[in-house]
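Look at the model below with one strand and one cavity in mind. How is each of them built into the fold?

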Amino acid sequence: MDFDVLFIGTDINAYYMARCYHELYHKKVDMIGKQAMSFTSLSSFINVMIVPDLGDTKVFIDVLEKYGEKHKSKKIILVATNDAYVRLIVENEELLKKYFLFNYPRLDIINNVLLKDNFYEAFKDSGLDMPKTYIYSCKEKSNIEEEFTYPLVLKASNGVEYYKHEFEGMSKVYKIKTEEELYEVIKQIEASGYEDTLIIQEFIPGDDSALFDSIFYCSKDSEVQLMTFAQIGLQERTHTGVGNCTVLVNGYDENGYKEEVIYNLKKFMEKIGYQGFAEFDLKYDYRDGKYKVFEINPRQARSSYYLAACGHNLIKYLVDDLIYNKKKEPVLMKDKMVLSFVPKGVIRKYVTNPKLKAEINRLIKEGKFCRPLHYKGDKCFKRKVYLLLRDINYHKKYKNLEW
């Protein structure tokens, strides 16, 4: 059957998904985004089309309809690589399905996972363990009467809207140490023009290695086909990057690999009738031995290439499901694999958890180590120089280890 894939977005997520496609079919792939990014613009197998106003609904639909008309002789699988594009696809499903095949959750589910205040309210009785959470409205500017224990975590409920209002010192997640700091950060966010809600949340103690990543693929018929569970070694060290993992180990948990935790997530996904890829962000709370869910991303995550490195190509799951209608029994992918965006020197120096570090070193020696951006099939020389400079810069980034 004649088909192709179109990627929306130009970031790390877009690159490794395009890599998955190229590894399968050895063909160039098309990609549309609103800005050129070195991850994808410096690639020998990606055709990038830049549309600066792609985030505008009218422009988004117009661009995709024109692309669909041009390629209407083929079936085209549409893959978004960030939350904003996922929402645009789901909101305009009726128009887009004339030209494209895609697998995303219903709009009500999108609203409940992308809007974090909805998430905590809608799923508080779902069986998921969650951190204690307080919702603050920037629009209403109501008095905060809750008494908090510091430090705590502050983040925007609506990430799509939040990033439309950039300001100096903007951060994806804030670790707040005092009441004075809490009010100061809220004031900054309100002054930026953001009017949605903020999440004020208990800080679960522990370094980066207390964080976990769990990926699911649910078919268009809402059947779970693939599950993973990985312990994180490091996360990014920039204000807007905190929360994004840079090193993880699939199939490993120093607290004991508890399949019941993963199957509880599976039960949740089946109950709500989820479709497509999803990433659970969790943190292990040693105080009660529970894995607390922070959020669910309604797409593959920027670190999800480890699935392909273990033999479960993400594009193949979409193709088998959307093109060939293949049914698959659920697989818990327990293969051990280290995924890293940083060079080995950063791992050796900055992963401080001794158990996890020993496991990472052992797996590296066994060759179970992958770097999503480093692909031998990509022949662009400028890209190799870019990746070398990027690795050098990571050593500088990790000098600030506070979180």
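The text below follows a strand outward to its partners, then turns to a cavity. The model is predicted.

Begin at strand S1, residues 3-8. This strand is mostly covered: 6 of its 6 residues are buried. In a regular strand, side chains alternate between the two faces of the sheet. Which residues of S1 lie on each side? Phe3, Val5 and Phe7 are on one side. Asp4, Leu6 and Ile8 are on the other. Both faces are covered, and the residues on each are all buried. Here buried means under 20% relative accessible area. Asp4 is among these buried residues.

Now look sideways, to the strands paired with S1. S4 is joined to S1 by 6 bridges, and the two run parallel. Ile8 has Ala80 as its bridge partner in S4. Strand S2, residues 29-33, is also parallel to S1, with 3 bridges between them. There, Leu6 stands opposite Asp30. Helix H1, residues 12-25, completes a unit with these strands: S1, H1 and S2 make a right-handed β-α-β unit.

S4 leads on to the cavity. How many cavities of 30 Å³ or more does a search of the whole structure find? The search finds 1. The largest cavity has a volume of about 60 Å³. Its lining consists of Leu78, Val79, Asn103, Tyr104, Tyr217, Gly276, Phe277, Gln300 and Leu318. Two elements give two or more residues to this lining: strand S4 (75-80) and strand S14 (276-285). By class, the lining has 6 nonpolar and 3 polar residues. No charged residues line the largest cavity.

S4 thus links both parts of this tour: S4 is joined to S1 by bridges, and S4 gives residues to the cavity lining.

Notes: Residues are numbered from 1 along each chain as its sequence is written. This is a predicted model: local features need pLDDT of at least 70, side-chain atom pairs count only at pLDDT 80 or more; totals for chains, interfaces and linings use all residues. Side-chain values use heavy atoms; hydrogens and water are left out. On a 1 Å grid over the protein atoms alone, a cavity is a set of points where a 1.4 Å probe fits but cannot get out, and a pocket is an open set with protein on both sides within 12 Å along at least five of seven lines; lining residues have an atom within 4 Å of a point. Grid points are joined across faces, edges and corners, and a volume is the space filled by probe spheres set on the points. Helices (H or I, at least four residues) and strands (E, at least two) are DSSP runs, numbered from the N terminus. Ala, Val, Leu, Ile, Met, Phe, Trp, Tyr, Cys and Pro count as nonpolar, Asp, Glu, Lys and Arg as charged, and the others, Gly among them, as polar. Buried means under 20% relative accessible area, exposed over 50%, partly exposed in between (1.4 Å probe, protein chains only). Two strands pair if DSSP finds at least two bridges between them. A crossover is right-handed if, with the strands pointing away from the viewer, the path from the first strand over the helix to the second runs clockwise.
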